[in-house]
Amino acid sequence: LDAVTSGNGNITFAAMATGDATSTHNFTATVENKGNLTAVGNVDVSAVASSDDHFLEANAIVPATYKATVTQDGNIKADGDVNIQAISNSYERLADKTAQIDVNGKVEGAKVNIASTAVNYFVDSTMLTVKDAIVTGIGLGTGLQLDADYASLTNKAIVNINDGAVITATSAPTDGSKALNISAGAGATEALGSSSSWIRFRRAFGGKSANVPETSVTVLKSDNTANVNINGTLISQGKTNIKAAAESTVDTDASVGVDVDFTETSSLAMVAVNVINATNNATVTVGETANLNNVSNVQNLNGALTINADTKNTISGTSGTYGDTGSFLGTAVNVLNYDSAAKVNVNAPIMAPSVSINANNIVDKNTMTTANTMNDLKYGGFTSLFLKSDKFKSIVTGIFGDFKVEDADNLATQLKNYASAGISVGVANENFSANVDLGTKANITGADASHNIGDVTIGATSDIQDT
């Protein structure tokens, strides 16, 4: 396919999948180029799989799969710029998302931009009350007043420059911009919560509440990943940027609060459970077959080279039982499992006028709050037995099992083990790391084609704030 001067000389090659689904939806946008794309202007290749923000507004309980993929097997050559993008944006609570680019052939342009982006934004401002699930999954006969909120996200942005691929940027911009940019960006924002109270459930279900006990459960599972893998040849007359960036914001709350005298009601116990299981990782790998050095003794990279793996983490988890009554028992359970890693792996020689390789892991907020302002003498024995009983386990398993939440039975077992009369339990298991790994073949040289020596900077930083 040739674009000549009879028009603007541009080629656009695109696929888009989006829609207004009310049931389980799977959207796939795929672009494959196995031929030749030649343009005197620009070449734009893109695959977009996305949802509308009305899903956020509607709090749709809909499992969603989004996959945007670009496979470049043929040849692309443009006198102008080449842009290759895979984009997956969504707003749902249950999403499995991938934006992936695989380059196996040749790409040449004045500037070359190859970028995959996967973003999910879900903020549950209404704090979903799952009344229907209580009725169908468990039944009101269990005597449970429950509010639950949950989200499960897998979010991946991937760029693979495979063995045999050749990427060439022919320009040397003087405005400071990059001639060659290869990036993967993954962003996940998940904010949700549940709140249970005697008044709330009386309004929700009508009539006088006679349920024992009251419980709020919030569960979040989030895996956010950005990967760039370089195993082919990169050639650039200007600056080159290779970057993987992953940003994760998780904010969850499970609260139970009362302002009534429990000696006048049949509610004997309140339980607040908040669980976060999350990962946030960014990795750049320069493999053994990558050529960032020279071709036929001609230096590949004639501008500054930067390689970055960046992660940013914002974490807030709250579990609390609150009230003024003295004839009450409350249990608050808060479980936080969070792993984040920024990694750069180099297993091939690199030469450029200057080389900067960095891994940065930033935690700008890391707050876990577990509060229990209640106590109980009269009903403590009953409540303790209930929390440790198989009924408590079956209730949690039933709710989240019906919603297909991963490992619901194991979760329920954990919660039952944590539960105890009149206490607050906080369990945090967190890992934040930043690493640059230089393999035995990673000879890093800062020098231009005239052998003028330049700078080489290598660093790894973990910055944990507000913890």
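## Leucine 438 and the surface patch

In this predicted model, strand 25 covers residues 424-438 and contains leucine 438. Leucine 438 has a relative accessibility of 36% and therefore counts as partly exposed, since that class lies between the limits of 20% and 50%.

Leu438 also belongs to a nonpolar patch on the surface, together with Val456 and Ile458. The accessible area of these residues together is about 220 Å².

## Valine 250

Strand 17, which spans residues 240-257, holds valine 250. Valine 250 has a relative accessible area of 1% and is therefore buried, because the cut-off for burial is under 20%.

Beyond residues up to four places away in sequence, valine 250 touches Glu190, Leu220, Ile276, Thr314, Ile315, Ser316 and Tyr338. With one of these residues, serine 316, the separation is 66 residues in sequence, while the C-alpha to C-alpha distance is 6.2 Å.

## The nonpolar cores

In soluble globular proteins, nonpolar side chains tend to be buried together. In this model, the largest nonpolar core comprises 67 residues. Ile114, Ile161, Leu234 and Leu292 have the most contacts inside this core.

The surroundings of leucine 234 can be described further. When neighbours within four places in sequence are set aside, leucine 234 is in contact with Ile161, Ile167, Leu180, Ile182, Ile242, Leu292 and Leu301, and also with Asn291 and Asn300. A second core, separate from the largest one, has 11 residues, among them Ala151, Leu220, Tyr338 and Phe432. Leu220 and Tyr338 of this second core are also among the residues that valine 250 touches.

Technical notes: Residues numbered from 1 in each chain as written. Predicted model: local features only at pLDDT ≥ 70, side-chain atom pairs only at ≥ 80, totals over all residues. Heavy atoms only, no water. Core = buried A, V, L, I, M, F, W, Y, C linked by side-chain atoms within 4.5 Å. Buried < 20%, exposed > 50% of the residue type's maximum accessible area, 1.4 Å probe, protein only. Contact = heavy atoms within 4.5 Å. Patch = residues over 30% accessible without salt bridge, like charges linked within 9 Å, V, L, I, M, F, W, Y side chains within 5 Å. Areas by Shrake-Rupley, 256 points an atom, 1.4 Å probe, with all protein chains shown as cover. Salt bridge = Lys/Arg side-chain N within 4 Å of Asp/Glu carboxyl O. Helix = DSSP H or I, 4+ residues; strand = E, 2+ residues; numbered from the N terminus.
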